[in-house]
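Biologist: I have a model open on my screen and I'd like to learn how to read it. Can we go through it feature by feature?

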Amino acid sequence: MALAIEAADAAAARGEVPVGAVVVRRYGDEHEVIAVAANSPIGQCDPTAHAEIVALRAAAQHIGNYRLTGCTLYVTLEPCTMCCGALAHARIERLVFAAREPRAGAVCSTAQVLDHEALNHRVSWQEGLMAEDSSALLRQFFRTRRQSS
């Protein structure tokens, strides 16, 4: 999660909402970071360029497969509906997110997308790892943005 926080901080420095994501692949008892990404919808002029989506794309390119079985996604903020759908389609094994997103979080805050019975893949998830660090970064970003408006 520390790598995801660093990516989020870099996003903030570029004027993007500070969200970072990291994909880690499990090989037996070994783990390898295969993608690190940050929010970039503004810079890429792409509404789908959430940190999670960018990380999933990079991880899929890295391994040469759109199925990311055996992978965990660490992200600094609870994923939205779009990102939850992408996690299921990519067959991510596990999601770990830092802070809840009370307005658009679709894991547990506004919806429970990953638990929907129609999905043919279940993503296990946990929340709270480095939540205060992520929340503080988001609060500072939006405080600064409001002050400069």
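Biologist: Let's start with empty space: what volume does the largest pocket have?

Modeller: Keep in mind that we are looking at a predicted model. The general idea is that rolling a probe the size of a water molecule over the atoms shows where empty space is left. Here, the largest pocket comes out at about 480 Å³.

Biologist: Which residues lie nearest the centre of that pocket?

Modeller: Those are Val17, Leu77, Glu101, Leu138 and Phe142, out of a lining of 20 residues. Helix α5, residues 131–148, gives the largest share of the lining, with 4 residues. By character, the lining splits into 10 nonpolar, 4 polar and 6 charged residues.

Biologist: Leucine 77 caught my eye. Where does leucine 77 lie, and is it buried or exposed?

Modeller: Leucine 77 is part of strand β3. Its relative accessible area is 14%, so it counts as buried, the cut-off being under 20%. Beyond its neighbours within four places in sequence, leucine 77 contacts Val19, Glu52, Phe97, Ala99, Arg100, Glu101, Ser134 and Leu138. Two of those names, Glu101 and Leu138, should ring a bell from the centre of the pocket. You can also check a distance: the C-alpha atoms of leucine 77 and glycine 105 are 8.1 Å apart, with their positions 28 residues apart along the chain.

Biologist: What about tyrosine 74: which strand holds it, and which residues does it contact?

Modeller: Tyrosine 74 also sits in β3. With 18% relative accessibility, tyrosine 74 is classed as buried. Leaving out neighbours within four places, its contacts are Met1, Ala4, Gly20, Ala21, Val22, Val24, Arg94, Val96 and Leu129. For that last partner, the C-alpha separation from tyrosine 74 is 9.1 Å, although the two are 55 residues apart along the chain.

Biologist: Now the interior. Which residues have the most contacts inside the largest nonpolar core?

Modeller: The list is Val23, Leu56, Leu68, Leu73, Leu87, Ile92 and Leu95, in a core of 35 residues. The elements giving two or more residues to this core are β1, β2, α3, β3, α4 and β4. Helix α3 supplies the largest share, 7 residues. Apart from this core there is another one, of 8 residues, including Met1, Ala4, Val24 and Ala98.

Biologist: Pick one core residue for me. What does leucine 95 touch?

Modeller: Leucine 95 is in strand β4, residues 94–99. It has 0% relative accessibility and therefore counts as buried. Not counting residues up to four places away, leucine 95 touches Leu73, Val75, Pro79, Leu87, Val107, Leu114, Val123, Ser124, Trp125 and Gln126. Look at it from the other side too: leucine 73 has contacts that include Val23, Leu87, Ile92 and Leu95.

Biologist: And the helices? Which elements do the buried residues of α3 pack against?

Modeller: They pack against β1 (20–27), β2 (30–38), α2 (41–44), β3 and α4. The buried set in α3 is Ala51, Glu52, Ile53, Val54, Ala55, Leu56, Ala59 and Ala60. You can test the helix itself as well: its 13 residues reach 18 Å from first C-alpha to last, close to the 18 Å expected at 1.5 Å a residue.

Biologist: Which residues of α4 are buried?

Modeller: In α4, residues 81–90, they are Cys83, Cys84, Ala86, Leu87, Ala88 and Ala90. Those buried residues pack against α3 (51–63), β3 (71–77) and β4.

Biologist: Last topic, backbone angles. Which residue just after α4 takes a positive phi?

Modeller: The background is that most residues other than glycine have a negative phi. Just after α4, arginine 91 has a positive phi of about 65 degrees. Following α3, glycine 64 has one near 75 degrees.

Biologist: Where is cysteine 45 found, and what is its phi?

Modeller: Cysteine 45 is in the loop between α2 and α3. Its phi is positive, about 50 degrees, though it is not a glycine. With a relative accessible area of 72%, cysteine 45 is exposed. Methionine 130 is another non-glycine residue with a positive phi, near 60 degrees. Methionine 130 lies in the loop between β5 (124–127) and α5, and at 29% relative accessibility it counts as partly exposed.

Methods: Residues are numbered from 1 along each chain as its sequence is written. This is a predicted model: local features need pLDDT of at least 70, side-chain atom pairs count only at pLDDT 80 or more; totals for chains, interfaces and linings use all residues. Side-chain values use heavy atoms; hydrogens and water are left out. Buried means under 20% relative accessible area, exposed over 50%, partly exposed in between (1.4 Å probe, protein chains only). Contact means heavy atoms within 4.5 Å. The expected span of a helix is 1.5 Å times one less than its number of residues. On a 1 Å grid over the protein atoms alone, a cavity is a set of points where a 1.4 Å probe fits but cannot get out, and a pocket is an open set with protein on both sides within 12 Å along at least five of seven lines; lining residues have an atom within 4 Å of a point. Grid points are joined across faces, edges and corners, and a volume is the space filled by probe spheres set on the points. Ala, Val, Leu, Ile, Met, Phe, Trp, Tyr, Cys and Pro count as nonpolar, Asp, Glu, Lys and Arg as charged, and the others, Gly among them, as polar. A nonpolar core is a set of buried Ala, Val, Leu, Ile, Met, Phe, Trp, Tyr and Cys residues joined through side-chain atoms within 4.5 Å.
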